Amino acid sequence: MTSRRSLPRLAVGVLGISLTLSAVPAATADARSSTAPTVSEQQVMPHLRALQRIADRNGGNRAHGTKGYADSVAYVKRALDRAGFRTRLVPFTHDGATAHNLIADWPGGDPDHVLLTGAHLDSVKEGPGINDNGSGSAAVLAAALQVAASGTKPERHLRFAWWGAEEQGLIGSKSYVSGLSGAERRRIDVYLNFDQAGSRNTRQWLVVHDDEHGETEAQQAFEAWFAERSIPTFDIGVGGSDHESFGNAGIPSSGFSTGISDCIHEACDNLANVDPKTETTSADAIADVLQKLAATKPRH
């Protein structure tokens, strides 16, 4: 989650939800239908433990311009390379430090219709950022690896991204979007963003509604997935994380968050700040919905 200027709006939304849905039992991965999960806890939580170890070795954080961030990128890239993704590092410079966004493409699918799924990989300097946003990064990585494991042959092209310097003001994703040509922007059917995917005490998932650009396909797919499992959702607008960079460029977006966690932008945002069942539910939702969207032929 980026700078604190974006927090009050989301915090108000979360407060409103807790007031109106306080009687709803906490949603967990156990609240599913009989459908077998696509992603298990054993497939997602090891990534968070790895990010915690990286932070521990590097002064307690994974912030932009630090070895902790560079090591985080290297960890995710190795996992993707082993799984058969085409990966590339896209450099950007901010505040005197050069870092990289990590982009990973799964072979196949229509290159004129791209499904781009992403999360920011950096933390603030004050802490390891395991929920904000190791949780989103790990959930997206688990979903990407599930794509590889399933041998998906998508109708649309699948691209995944891990952004840097989100905490400094969406710098990495802004740099990536600004480097796209008009034609490349038009090829992105939708950008899916995941920020804070494993918050403790989650009672509902906050699904992004991009009314400005008329995005409904992904939004409705996520809401249907949660509804099938009797998990409450609440709609939020575009803003406060990297989907804002895409929205400002006219690219439709969706995705979700589990809301502001018990600890944000502090040293206590560690493994104990993530609920494994919430994190697994998020990763499972991403993987399942992404496979559904990937199998759907473009409408235009």
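What follows is a walk through the fold, the packing and a few local oddities of this structure.

The model is a predicted one. The chain has nine helices and eight strands. Of its 300 residues, 57% count as buried. The contacts reach far along the sequence: among those with a separation of 6 or more, 83% are between residues 24 or more positions apart. On the outside, the chain exposes about 11,700 Å², and carbon and sulfur atoms supply 51% of that area.

Now for the inside. In soluble globular proteins, nonpolar side chains tend to be buried together. Here the largest nonpolar core has 59 residues, and the ones with the most contacts inside it are L80, F160, W162 and F256. Helix α4, running over residues 130-150, gives this core its largest share, 10 residues. There is also a second, separate core of 12 residues, with W163, Y176, L180 and F246 among them.

F256 is a handy place to start looking around. With a relative accessible area of 1%, F256 is buried. Leaving aside residues up to four places away in sequence, F256 touches N193, F194, D195, W205, L206, V207, V208, F222, F226, S282, A285 and I286. Several of these names come back when the aromatic rings are considered.

A search of the whole structure turns up 13 aromatic pairs. One of them brings F222 and F256 together: the ring centres are 5.4 Å apart and the planes sit at 85°, so this pair is edge-to-face. F222 belongs to helix α7 (residues 217-228) and F256 to strand β8 (residues 253-257), so the pair ties together parts that are 34 residues apart in sequence. F222 counts as buried too, at 0% relative accessibility. Another pair is made by W225 and F226, whose ring centres are 5.2 Å apart; with the planes at 90°, this one is also edge-to-face. Both W225 and F226 are buried.

These rings are part of a bigger picture, as ring pairs link F194, W205, F222, W225, F226 and F256 into a cluster. A charged neighbour joins in at W225: R229 lies over the face of that ring, at 3.8 Å from its centre.

Helix α5 offers another view of the packing. This helix covers residues 171-178, and its buried residues are I171, G172, S173, Y176 and V177. Y176 was met above as a member of the second core. The cover over the buried residues of α5 includes the strands β1 (86-94), β2 (97-106), β3 (110-120) and β4 (156-163), along with the helices α6 (182-187) and α8 (243-248).

The structure holds one disulfide. The bond joins C263 to C268, with an S to S distance of 2.0 Å. The torsion about this S-S bond is about 90°, so the disulfide is right-handed. Its two ends differ in how much they show. C263 counts as buried, at 5% relative accessibility, while C268, at 37%, counts as partly exposed.

A few spots in the backbone deserve a second glance. The peptide bond from D132 to N133 is cis, with omega near 10°, and N133 has its place in helix α4, the helix with the largest share of the 59-residue core.

Two residues that are not glycines have a positive phi. D95 has a phi of about 55° and sits in the loop between β1 and β2. A165 likewise has a phi of about 55°, and its place is in the loop between β4 and α5. Their surroundings are another matter. At 71% relative accessibility, D95 counts as exposed, whereas A165 is buried, with a relative accessible area of 1%.

Conventions. Residues are numbered from 1 along each chain as its sequence is written. This is a predicted model: local features need pLDDT of at least 70, side-chain atom pairs count only at pLDDT 80 or more; totals for chains, interfaces and linings use all residues. Side-chain values use heavy atoms; hydrogens and water are left out. Rings of Phe, Tyr and Trp (its six-membered ring) pair if their centres lie within 6.5 Å; planes under 30 degrees apart count as stacked, over 60 as edge-to-face and the rest as tilted. Helices (H or I, at least four residues) and strands (E, at least two) are DSSP runs, numbered from the N terminus. Buried means under 20% relative accessible area, exposed over 50%, partly exposed in between (1.4 Å probe, protein chains only). A charge sits over a ring if NZ of Lys or CZ of Arg is within 6 Å of the ring centre and within 35 degrees of the ring normal. A nonpolar core is a set of buried Ala, Val, Leu, Ile, Met, Phe, Trp, Tyr and Cys residues joined through side-chain atoms within 4.5 Å. Contact means heavy atoms within 4.5 Å. Accessible areas come from the Shrake-Rupley method with a 1.4 Å probe; for residues, only the protein chains shown count as cover. A disulfide is a pair of cysteine sulfur atoms within 2.5 Å.
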